[in-house]
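Q: Can you walk me through this model? I'd like to cover pockets, strands and aromatic pairs.

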Amino acid sequence: HTFPAGWSGDLGGTARPIEIFVLTGSLEVEGSDVGEGCYAYLPAGGGERPVRTGDGAHAVVMIEPEREGVEGGPANVVDPSTQRWLSAELGDADIPPGICIKLLHQDEETKDWTWVAATVPEWQENRAEVHDTIEECLMIRGDTLLGERGVMKPGSYFWRPPFVRHGPMFTHHGGYFFFRS
């Protein structure tokens, strides 16, 4: 989504959680700065959620299904640059080294995750994978060959339903991704 310079609005008063990942520029969400590469989670419910921009911003905005009867709560703003990278193994010891993640949000109700991931140059995964969840991804920097599915470059996006085979994977220059599942 493009937020033009000087834009302001209210994203509150809805039964839908909203996720925002800023690609360029910056937003102010409930008084907190959400700069380039930062993330904001706006829970469903609650009152006003003022959002504004000074010089403009481009952001990924994801609006979730309605959740009735929720109380809301303040927005949660995460600056991934302040977090340590974590191993991407997450229970799969066979994942080759060279890929890591920073968890941005974990939904206690739905068990959905939102995170950023990075791979080092020339990282490869020789296996094909299948997951039992929906997975979606926006490539921010770098390149990745997704087996027979093609090459991802900055701006490439996929939404993949559960149980779709994907891989093997390889990157020439490394990659940085925004993921949700």
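A: What follows is a short run through those topics, for a model that is predicted.

Q: Pockets, then. What volume does the largest pocket have?
A: The largest pocket holds about 730 Å³ of space. Its lining has 32 residues, and Ile95, Trp115, Glu129, His131 and Glu135 are the closest to the centre.

Q: Which strands supply at least two residues each to that lining?
A: They are S11 (99–106), S12 (113–119), S14, S15 (144–146), S17 and S19 (175–180). The largest share comes from S12, with four residues.

Q: How many of the lining residues are nonpolar, polar and charged?
A: In the largest pocket, 18 are nonpolar, six polar and eight charged.

Q: And the second largest pocket, what is its volume?
A: The second largest pocket has about 190 Å³. Glu19, Glu64, Asp112, Arg180 and Ser181 are the closest to its centre, out of 15 lining residues.

Q: How does that lining divide by class?
A: Eight residues of the second lining are charged, four are polar and three are nonpolar. S12 and S14 each supply at least two of the lining residues, and both strands also appear in the lining of the largest pocket.

Q: Let's do strands. Which way do the side chains of S17 point?
A: They alternate along residues 157–160. Phe158 and Arg160 point to one face and are buried, whereas Tyr157 and Trp159 point to the other face and are not buried.

Q: How many bridges join S14 to S17?
A: Four bridges join S17 to S14, which covers residues 135–142, and the two strands run antiparallel.

Q: Which residue stands opposite Trp159?
A: Glu136 stands opposite Trp159 of S17.

Q: Back to S12 for a second. Is Thr119 buried or exposed?
A: Thr119, a residue of S12, counts as buried because its relative accessibility is 10%, and the cut-off for buried is under 20%.

Q: What does Thr119 touch?
A: Leaving out residues up to four places away in sequence, Thr119 touches Gly98, Ile99, Thr171, Gly174, Gly175 and Phe177.

Q: Aromatics next. How many pairs are there?
A: The count comes to seven aromatic pairs. One of them is Phe3 with Trp7, whose ring centres are 5.0 Å apart and whose planes are at 65°, so this pair is edge-to-face.

Q: Why edge-to-face at 65°?
A: Planes over 60 degrees apart count as edge-to-face, so the 65° between Phe3 and Trp7 puts the pair in that class.

Q: How accessible are Phe3 and Trp7?
A: Phe3 is buried at 5% relative accessible area, while Trp7 is partly exposed at 25%.

Q: What about the pair of Trp85 and Tyr176?
A: The ring centres of Trp85 and Tyr176 lie 6.3 Å apart with the planes at 85°, so that pair is edge-to-face. The pair links distant parts of the chain, 91 residues apart: Trp85 is in the loop between S9 (76–78) and S10 (86–87), and Tyr176 is in S19.

Q: Which accessibility class does each of those two fall in?
A: Trp85 is partly exposed, with a relative accessible area of 36%. Tyr176 counts as buried, at 12%.

Q: Last one: which residues do ring pairs link into a cluster?
A: The cluster consists of Trp113, Trp115, Phe158, Phe177 and Phe179. Several names recur here: Trp115 is among the residues closest to the centre of the largest pocket, Phe158 is one of the buried side chains of S17, and Phe177 touches Thr119.

Key. Residues are numbered from 1 along each chain as its sequence is written. This is a predicted model: local features need pLDDT of at least 70, side-chain atom pairs count only at pLDDT 80 or more; totals for chains, interfaces and linings use all residues. Side-chain values use heavy atoms; hydrogens and water are left out. Buried means under 20% relative accessible area, exposed over 50%, partly exposed in between (1.4 Å probe, protein chains only). Two strands pair if DSSP finds at least two bridges between them. On a 1 Å grid over the protein atoms alone, a cavity is a set of points where a 1.4 Å probe fits but cannot get out, and a pocket is an open set with protein on both sides within 12 Å along at least five of seven lines; lining residues have an atom within 4 Å of a point. Grid points are joined across faces, edges and corners, and a volume is the space filled by probe spheres set on the points. Ala, Val, Leu, Ile, Met, Phe, Trp, Tyr, Cys and Pro count as nonpolar, Asp, Glu, Lys and Arg as charged, and the others, Gly among them, as polar. Contact means heavy atoms within 4.5 Å. Rings of Phe, Tyr and Trp (its six-membered ring) pair if their centres lie within 6.5 Å; planes under 30 degrees apart count as stacked, over 60 as edge-to-face and the rest as tilted.
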